[in-house]
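Hi everyone, thanks for having me. Let's take a friendly walk through one protein together, so please have a look at the picture.

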Amino acid sequence: MRRALAEAGRAARAGDVPVGAVVLAPDGELLATGFNEREATGDPTAHAEVLALRRAAARLGAWRLTGCTLVVTLEPCVMCAGALVQSRVDRLVFGALDEKAGAAGSLWDLVRDRRLNHRPEVIHGVLADECSAQLTRFFRDR
């Protein structure tokens with residue numbers, strides 16, 4: 001999570017909402033990182049999670065990220081939750097809850113919907129205070 005927080009800091013310095021993500025291989029090796037790049041790219045899908053998942057898949061040469069863990073500072077939105085389910089990530093670890101757009105337990109629970117054929121393990125609240133503080137500082141300063 002500390003690496004994801006560092007990635008979120010990169011987003012904030014670039015003027016984007018400070019969300020950072022990392023994808024870990026089954027053995028814990030860092031496969032890929034990402035931070036929000038919507039403002040820099042003009043791409044509405046350039047969320048930290050999507051970018052990290054794309055980069056991990058490219059590195060592995062496969063879209064299935066079976067056995068991998070996605071670590072992100074903020075609870076994923078519907079788009080990002082869908083992407084991690086589709087990529088077959090085994091575990092989602094996130095810090096801060098997103099009560100306005102969260103899709104991993106707050107507003108929706110897409111990642112654990114029994115109608116889907118893949119449901120990753122979800123671990124939330126990891127360094128939640130630090131993750132929330134980073135977001136609070138960003139929006140307060142804006």
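Let me start at helix α1 and its neighbours. What covers the buried residues of α1? The cover includes three strands, β1 (20–24), β2 (30–35) and β3 (69–74), along with the helix α5 (128–141). Keep in mind that this is a predicted model.

Which residues of α1 are buried, then? They are Ala-4, Leu-5, Glu-7, Ala-8, Gly-9 and Ala-11. Here is a handy thing to remember about helices: an α-helix makes one turn every 3.6 residues, so residues three or four places apart point the same way. Try it on Ala-4, Ala-8 and Ala-11, which are among the buried residues of α1.

The helix α1 itself runs over residues 2–13. From its first C-alpha to its last, α1 reaches 17 Å, close to the 16 Å expected for its 12 residues. After α1 comes Gly-15, with a positive phi near 90°.

Now let's zoom out. The protein has 5 helices and 5 strands, and along the sequence they follow the pattern α-β-β-α-α-β-α-β-β-α. Its radius of gyration is 14 Å, close to the 14 Å that the globule rule gives for 142 residues, so the protein is as compact as a globular protein of that length. Its C-alpha atoms fill a box of roughly 40 × 30 × 25 Å along the principal axes.

How much of the protein is buried? Of its 142 residues, 49% count as buried. As for the outside, the protein exposes about 7,100 Å², and carbon and sulfur atoms supply 51% of that.

Thanks for listening!

Conventions
Residues are numbered from 1 along each chain as its sequence is written. This is a predicted model: local features need pLDDT of at least 70, side-chain atom pairs count only at pLDDT 80 or more; totals for chains, interfaces and linings use all residues. Side-chain values use heavy atoms; hydrogens and water are left out. Helices (H or I, at least four residues) and strands (E, at least two) are DSSP runs, numbered from the N terminus. The radius of gyration is taken over C-alpha atoms; the globule rule is 2.2 Å times the number of residues to the power 0.38. Buried means under 20% relative accessible area, exposed over 50%, partly exposed in between (1.4 Å probe, protein chains only). Accessible areas come from the Shrake-Rupley method with a 1.4 Å probe; for residues, only the protein chains shown count as cover. The expected span of a helix is 1.5 Å times one less than its number of residues. Contact means heavy atoms within 4.5 Å.
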